[in-house]
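Colleague: I'd like a close look at one part of this model: how its interior is packed. Start wherever you need to, and then take me through to the loops.

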Amino acid sequence: MTAVARLRLLLGLLLVLAAVAALTVHLDRAQARVASTEASIGTLTYDVGTSYAGLVVEQPVAVGDTVAEGDTLVVVDSAALRQDVAAGLVDPDTSAATIDASGLLTVTATGDGVVADLRTTTGSFVQAGAVLATVERAGTLFVTAQYELSPEQYARMEDDAAVTVALPDGTRIEGEVTDVTVQSSGGVAQAVVTVGSARLVRGAADGLVAPGTPVDAELHLRRSGVVSAVTDEVTASVHTLWERWRG
């Protein structure tokens, strides 16, 4: 065989190797990623309420307002509270409320955040033990995603696996698994995954990064080793063929 023929053969074998390797890499990547069946952005919240029945006389905040720890959320005028204050039966100052000498109960934010819900209005009567407002805690956004995983896929999911979150406008946010709960049904693992990311900042991406926004979350599994095994086998086969042609 001439040198030119051998060179052509080598180039042909290299092209075959490159094509097989590329297809193998593509297949392995596809098998190493799982799309969520459902996913959305969530956040931690806290409720504030009153231990005394009374009349709401002031409510200086609205849903969507940003509040800081100690800001007034609701002020309640309670006759029962006035009696207990006069009798020295209550602590006039707690982390969630302050009480003045006239018996006005000022319910305050216990942490920075955004008002998510108000369950009363100025002039309304509230019962003892009622929840008055819900506040989303600042800096606690996360993604909750659901997946259907085969036993083999579940075995390849690492504790801090990478997750690519896609917002409705296509913006991608890289995060990682922080918590997993799993239930098995019909040989399939129904996994609920919590994803954290420093890039989940409320209001980012033109306001899309917010609680309740639906997203797509692609879970990255540990590689199965298919690429290296197949590539090694193809390389060995090409080497054998080349040695035969040289001989």
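Modeller: One bit of bookkeeping to begin with: a strand here is a DSSP run of E covering at least two residues, a helix is a run of H or I covering at least four, and both are numbered from the N terminus. That rule matters for Phe-125, whose strand, S10, spans residues 125-126. Keep in mind throughout that this is a predicted model.

First, the overall frame. The protein chain has 4 helices and 16 strands. Of its 247 residues, 33% count as buried. Among contacts with a separation of 6 or more, 71% are between residues 24 or more positions apart. The accessible surface comes to about 13,700 Å², and carbon and sulfur atoms hold 54% of that.

Now to the interior you asked about. The largest nonpolar core has 25 residues, and the members that touch the most others are Val-143, Tyr-147, Val-163 and Leu-219. Two or more residues of this core come from each of these elements: strand S2 (38-42), strand S12 (142-149), strand S13 (162-166), strand S14 (172-185), strand S15 (188-196) and strand S16 (216-220). A separate core of 21 residues lies apart from that one, with Leu-73, Val-74, Leu-81 and Val-115 among them. As background, nonpolar side chains in soluble globular proteins tend to be buried together.

Let's zoom in on Val-163. Leaving out residues up to four places away in sequence, Val-163 touches Tyr-147, then Ile-173, Glu-174, Gly-175, Glu-176 and Val-177, then Val-195, and finally Ala-217, Glu-218, Leu-219 and His-220. Two of those contacts, Tyr-147 and Leu-219, are themselves listed with Val-163 as members touching the most others. One of the contacts is also a bridge partner: Val-163 pairs with Gly-175 in S14.

That brings in the strands around Val-163. S13 and S14 run antiparallel and are joined by 5 bridges. Their hairpin has 5 residues between the strands, and Gly-170 there takes a positive phi near 95°. From S14 you can step on to S15, again antiparallel, this time with 9 bridges. Asp-179 is opposite Thr-194 of S15 in that pairing. This second hairpin has 2 residues between its strands, with Gly-186 at a positive phi near 60°.

Past S15, the loop between S15 and S16 is worth a stop. Ala-205 lies in that loop, and so does Asp-206. Most residues other than glycine have a negative phi. Against that background, Ala-205 shows a positive phi of about 55° without being a glycine, and Asp-206 also has a positive phi of about 55°, again without being a glycine. Their burial is graded like this: Ala-205 is partly exposed, because its relative accessible area is 24%, while Asp-206 has 81% and is therefore exposed.

There is a helix to fit in as well. Gln-153 belongs to helix H3, residues 151-155. Its relative accessibility is 19%, so Gln-153 counts as buried, given that the cut-off for buried is under 20%. Its contacts beyond four places in sequence are Val-34, Glu-148 and Leu-221. Glu-148 falls within S12, one of the strands that give two or more residues to the largest core.

Elsewhere, 4 strands make an open sheet in the order S3-S11-S9-S5, with antiparallel pairing. Strand S3 (45-49) and strand S5 (66-67) stand at its edges with a single partner strand each, so one side of each has no neighbour in the sheet. For S3, the pairing with strand S11 (residues 131-137) is antiparallel and runs over 5 bridges, with Tyr-46 opposite Val-135 of S11.

Two last spots. Ile-99 is in strand S7, residues 97-99, and it is buried because its relative accessible area is 16%. Measuring C-alpha to C-alpha, Ile-99 and Val-85 are 8.4 Å apart, with their positions 14 residues apart in sequence. Phe-125, where I began, goes the other way: its relative accessibility is 54%, so it counts as exposed. Together with Leu-55 and Val-57, Phe-125 forms a nonpolar patch on the surface, and the three have about 270 Å² of accessible area together.

How values were computed. Residues numbered from 1 in each chain as written. Predicted model: local features only at pLDDT ≥ 70, side-chain atom pairs only at ≥ 80, totals over all residues. Heavy atoms only, no water. Patch = residues over 30% accessible without salt bridge, like charges linked within 9 Å, V, L, I, M, F, W, Y side chains within 5 Å. Areas by Shrake-Rupley, 256 points an atom, 1.4 Å probe, with all protein chains shown as cover. Salt bridge = Lys/Arg side-chain N within 4 Å of Asp/Glu carboxyl O. Buried < 20%, exposed > 50% of the residue type's maximum accessible area, 1.4 Å probe, protein only. Core = buried A, V, L, I, M, F, W, Y, C linked by side-chain atoms within 4.5 Å. Contact = heavy atoms within 4.5 Å. Pairing = 2+ DSSP bridges.
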